[in-house]
Amino acid sequence: MTFFYNRIPVQEIRPNWTTRVSTSFVDDDTANRIFSIPLSESGSEDILVWKYEGLGKYFVRSGYRVLITECLQSNLHQSTSGADYKGFYTNLWASNIPGKIKIHVWRLFNNLVPHYGNLTCRKLSVETVCPLCQEELENSEHLLWSCGILQCVWSLLHITLPSFDVALDFKNRFVSTYLAGDDRQRRLISISLWCLWFHRNNLVHERVKFSMSKVLGFIRGYDQDLGLMHKNLCPSSSLGKELWRPPDADVIKINFDASYVQEKKLAVTVALARDCRGEVVEANTYLLEDVGDAFVAEARACERALLLARMMGFRRLLVEGDSLSVIKYVQKKGVDRSVLRPITFHIQRLHLLFDEVTYSFVPRTVNNAAHVLALEGRRRRVCGNWADGVPESVRLAVKKDWLLWSQRMLWRARLADIGCRRGAAAGS
Ligand SMILES: [Zn+2]
């Protein structure tokens with residue numbers, strides 16, 4: 001459970017509290033965690049939050065899931081190959097395949113698939129033998145590695161198997177094979193596991209005859225489609241690349257960002273305000289202690305952006321950041337039960353002071369000027385407005401944003417001009 005202490009700013013209570021709390025009834029670690037809880041400056045009501053659900057509400061299914069996951073994680077910790085598994089998970093979740101396939105591979109890897117082995121343990125099935133190869137007990141080891149049909153599919157797809165130590169178990173063999181390949185091999189491995197499970201279910205439940213040629217055709221076609229889709233979505237040309245763009249004439253755009261040092265629980269927040277000509281009208285950085293995580297740091301940065309706007313007397317704002325979660329929470333209607341609630345509540349109160357506030361999420365590259373200022377703020381330990389102007393590195397980043405935008409506009413104008421001339425020539 002997460003508790004919120006919203007009454008007084010932490011800076012006012014910390015000196016006395018730290019000593020008293022840590023020495024009397026909780027240890028230092030717990031005291032530090034308490035002081036990492038973000039406090040509201042708007043006096044929102046305290047609420048109880050179930051941190052394992054996005055909605056913050058407790059559900060039995062959610063409690064059950066936490067128990068299962070914790071059990072799973074403790075099993076993973078006991079594994080001697082945690083580091084290798086981490087590499088596998090990182091690659092799997094980052095891979096260019098649909099989520100349903102990634103989830104199937106993850107479930108299979110963690111023995112969470114309802115195969116005959118698992119169903120028999122729960123007395124839900126009398127069948128035990130793999131319906132595809134009909135040779136061995138169907139369990140995770142079989143489906144992930146040793147099934148003859150799977151090995152045959154991999155061989156026909158030219159999946160390269162590295163050489164293994166004979167003592168290696170099936171999970172480590174699988175991970176080694178997965179990590180040894182390139183992106184395409186990893187994609188083929190994941191698709192084949194998912195596709196074979198799909199065809200196995202069709203055979204068991206629908207009595208659809210298994211066909212090796214169909215399976216191979218499907219895997220190859222699916223892989224090709226995914227490859228093409230990825231290529232089209234990530235063009236090498238920079239023409240379609242998202243750029244920083246200036247706001248309308250009477251609007252101020254504030255880019256916010258935060259830099260976070262986890263070991264010290266230190267955060268630097270940044271708010272960088274620019275006008276329609278791309279010029280910096282104000283900028284500030286703040287150093288914050290006892291910040292729980294990077295997520296809280298980003299929310300604080302967003303809050304500081306609005307405080308800066310209020311101080312400067314801006315009326316219409318466009319607040320832009322590269323933290324999608326924070327932007328979603330700030331815009332959320334209804335009660336926010338996330339750990340950010342004290343901050344989002346304050347931000348929503350601040351909205352009332354402006355004529356218009358809109359939010360926009362941008363990729364990290366578009367928010368680069370704010371990011372550079374965060375690094376400078378951390379290095380120079382500036383807490384407040386940059387009264388003498390922003391540092392040279394930030395000035396260059398701001399200039400680059402404007403130049404790229406101007407070039408884009410010029411290019412578009414040229415294209416439009418060519419279009420008009422072609423239209424006129426066709427009409428004459
Ligand atoms: Zn089999």
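This short report looks at a strand and its partners, then at a pair of packed helices. Everything here comes from a predicted model.

**Strand S1 and its neighbours**

A good place to start is strand S1, residues 252–261. Of its 10 residues, 9 are buried, so the rest of the structure largely encloses this strand. Strand S1 pairs with two strands, S4 and S2, and the table sets these pairings side by side.

| Partner of S1 | Residues | Sense | Bridges | A facing pair |
|---|---|---|---|---|
| S4 | 316–321 | parallel | 5 | Asn-255 and Glu-320 |
| S2 | 266–274 | antiparallel | 9 | Lys-253 and Arg-274 |

Strands S1 and S2 also make a hairpin, with 4 residues between them. In that turn, Lys-265 has a positive phi of about 55°.

**Helices H12 and H14**

Now let us turn to the helices. Two packed helices are described by the angle between their axes and the distance between the axes. Helix H12 covers residues 294–312, and helix H14 covers residues 341–351. Their axes come within 10 Å and cross at roughly 20°. An angle under 35 degrees counts as roughly parallel, and H12 and H14 are therefore roughly parallel to each other. The crossing of H12 with H14 is left-handed.

Which residues of H12 and H14 make the contact? From H12 come Ala-299, Arg-300, Cys-302, Glu-303, Leu-306 and Arg-310. Helix H14 brings Ile-343, Thr-344, His-346, Ile-347 and Leu-350. Sorted by character, the residues of this contact are 6 nonpolar, 2 polar and 3 charged.

Terms used:
Residues are numbered from 1 along each chain as its sequence is written. This is a predicted model: local features need pLDDT of at least 70, side-chain atom pairs count only at pLDDT 80 or more; totals for chains, interfaces and linings use all residues. A residue is buried if 20 or more other C-beta atoms lie within 10 Å of its own, exposed if 12 or fewer, and partly exposed in between; C-beta atoms are placed from the backbone. Two strands pair if DSSP finds at least two bridges between them. Axes are lines fitted to C-alpha atoms, for helices over the stretch in contact, and angles run from 0 to 180 degrees between N-to-C directions. Angles under 35 degrees count as roughly parallel, over 145 as roughly antiparallel, 65 to 115 as roughly perpendicular and the rest as oblique. A crossing is left-handed if the near helix is turned anticlockwise from the far one by less than a right angle, and right-handed if clockwise. Two residues are in contact if their C-beta atoms, placed from the backbone, lie within 7 Å. Ala, Val, Leu, Ile, Met, Phe, Trp, Tyr, Cys and Pro count as nonpolar, Asp, Glu, Lys and Arg as charged, and the others, Gly among them, as polar.
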